[in-house]
Amino acid sequence: MNAIEVDHLTKYYSNARGVIDLSFEVNKGEIMGFLGPNGSGKTTTMRMLTCFFPPTSGTARICGHDILKEPLEVRRKLGYLPESVPLYLDMPVRSYLSFFAEVRGIPARQRKARIDEVLDKCSLTHVAHRLIGKLSKGYRQRVGIAQALLHDPEVLILDEPTIGLDPKQIIEIRSLIKGLGAARTVILSSHILSEVSAVCDRVIIIHEGKLVAVDTPHNLTRRLQQTPKILVRALGPAEAITKTLRSVPGVLSVKPGIDGPDAFIVDAEEGLPVINSLAQALCAQNLSIAEIRPVDMTLEEIFIQLVADDTEVRRQ
Amino acid sequence: MNTLTIAKREMGSYFTSLIAYVVTTVFLVMSGYFYYTNMVMFVMFVGSDVKLGLWQQTFYDIRFVTVSVLPLLTMRLFAEEKKMGTIELLFTSPLRDRQIIMGKYLACLAVFAMMLALTMLYPVLLKIVYQLEPAPLAACYLGLFLMGGACIACGIFLSSLTENQVVAAMSTIGVLLLLWFLDWNEGIAGSAVVQVLHQLSFSEHFLNFIRGIIDINDIVYYLSVIAFFLFLTGCSLESRKWRGIK
Ligand SMILES: Nc1ncnc2c1ncn2[C@@H]1O[C@H](COP(=O)(O)OP(=O)(O)O)[C@@H](O)[C@H]1O
Ligand SMILES: [Mg+2]
């Protein structure tokens, strides 16, 4: 039995599409990334999985419990961090967790020990008596995660857990998520590719409410890096540089880059050590190199490519 | 069990946010003022019928404070949770909607009961100087408690319809006033209609209580109003399933 089985899940809002015909599975103990640009339907999917509202059609099972038939059982199995990290700002951290421990049915005798444990895990012990409203965004995020972990759920659903945090906090939250233990199944959504690939075992990509790909981060990047792009930044007359770059074998096109007058984007053929050749050619012309590196694809480009691949496959 | 957990949190929130203190203070000051003025009036002009007339007049006045003060207690119950998004936490916890509704209702009712209990200080003080009959007073308190319970149910329903607390409070005051004055239509409508409006309106049933009459019909009336509004609240929460809340 998989931890999460999503079966043709579809949601239409009264005036907009939410998600269309999503089907995927998440294995026990897996950390699954849920990747898509804003408005692609990540939150909508998560809200259906947490039984916040039911799907228009289709269904899903969490640990074998159907979201339509046994919503209370599903919610017992789940820990959930909503996207906006809603919290009762007028409560101290400990009382807040104590309230949810009670709601979650943790017996009174075990409550204190359990709260201490999650406080420790989320590095919140020293702010346990502060009002949540007085905490910074990073701490509030941790309170949200602590709440989701309270009842030691089998499945954890985190909606954009690192959005709005500074880089240091992002790293902390990421290592917290990674350390949640192998026994737990986690789905976390994000619109940042690198974040998902750093933490997740597999990634689901959705675009405009539709599933485009499910794969490991490694396979995805391999699949996508078919036509390498190289960013070159060199000092010298633009025309000379363009001419030199064009002359290198394997170069398909040279375009001015968007990050400055001295930047160029080179589209190259696959399978050739083009970066080396480019560098050598520039040196031979006495043009000094400021920067030369492969360009990571932006999320938008990945989608365009995946969606294009997808329609191509269908056509064949 | 879960109902009590919710109720406990709501009570805590009433007191940490000071709303409970402010509302209670206004309520106590105003009802104390009505007790005082009515007593002076009775002693000076009527003298004889303090036993019943005093309570009747005083509770007739206090009802106004109740109607204008309770919407301020109920306005936040759902509107605030919707605005802050915390409703998503409750809706994704293993709680039933009716536990959430009843928890919030009971918390507000408890604060109201506490306010009423504090006003009992006035008749106790009065007893020192004047020998009174406790029975009619008990009927008055029961009537006010039931009427307040109905106001709270109405307020919770309207709070569940909006995420704006001012809208919730104002519309509650509007509906409550309408329910009070529903039967002020003798001149316009036919007598049969007026009979029905009398039955629906808050005032006729409340007047019985403060006259010292405990009639099962009046109790059933207020309990039905409470059940009706709590049922509507349930429907309003249910509507997220087809409407979807942000
Ligand atoms: N409560 C709602 N009512 C109407 N439309 C909504 C609602 N929530 C989301 N949507 C729409 O559904 C689509 C998917 O939104 P969402 O699931 O929030 O995407 P994501 O979380 O990936 O940014 C968007 O087009 C959004 O406008
Ligand atoms: Mg979202």
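## The magnesium site

In this predicted model, the magnesium ion (ligand 2) has as its protein donors A:Thr43, through OG1, and A:Glu83, listed twice through OE, at 2.0 to 2.8 Å from the ion. These two residues bring together distant parts of the chain, 40 residues apart, since A:Thr43 belongs to helix α1 (residues 42–49) of chain A, while A:Glu83 sits in the loop between β6 (78–81) and α3 (93–103) of chain A.

A:Thr43 has a relative accessible area of 19% and is therefore buried, the cut-off being under 20%. A:Glu83, with a relative accessible area of 30%, is partly exposed.

## Positive phi in chain A

A:Cys51, which is not a glycine, has a positive phi near 60°, and its place is in the loop between α1 and β4 (57–62) of chain A. With a relative accessible area of 7%, A:Cys51 is buried.

A:Glu160 is likewise not a glycine and has a positive phi of about 45°; A:Glu160 is found in the loop between β7 (155–158) and α6 (167–178) of chain A, and at 3% relative accessibility it counts as buried.

## Two helices of chain B

In chain B, helix α1 (residues 2–16) packs with helix α4 (residues 76–84) at an angle of about 90°, the axes being 12 Å apart, and the two helices are therefore roughly perpendicular to each other. On the side of α1(B) the contact is made by B:Arg9, B:Glu10, B:Ser13 and B:Tyr14, and on the side of α4(B) by B:Arg76, B:Leu77 and B:Glu81. Of the residues in this contact, four are charged, two are nonpolar and one is polar.

How values were computed: Residues numbered from 1 in each chain as written. Chains lettered and ligands numbered in written order. Predicted model: local features only at pLDDT ≥ 70, side-chain atom pairs only at ≥ 80, totals over all residues. Heavy atoms only, no water. Axes fitted to C-alpha atoms, helices over the stretch in contact; angles between N-to-C directions. Helix = DSSP H or I, 4+ residues; strand = E, 2+ residues; numbered from the N terminus. Parallel < 35°, antiparallel > 145°, perpendicular 65-115°, else oblique. Contact = heavy atoms within 4.5 Å. Nonpolar A, V, L, I, M, F, W, Y, C, P; charged D, E, K, R; others polar. Donors = N, O, S within 2.8 Å, 3.2 Å for Na, K, Ca; no water. Buried < 20%, exposed > 50% of the residue type's maximum accessible area, 1.4 Å probe, protein only.
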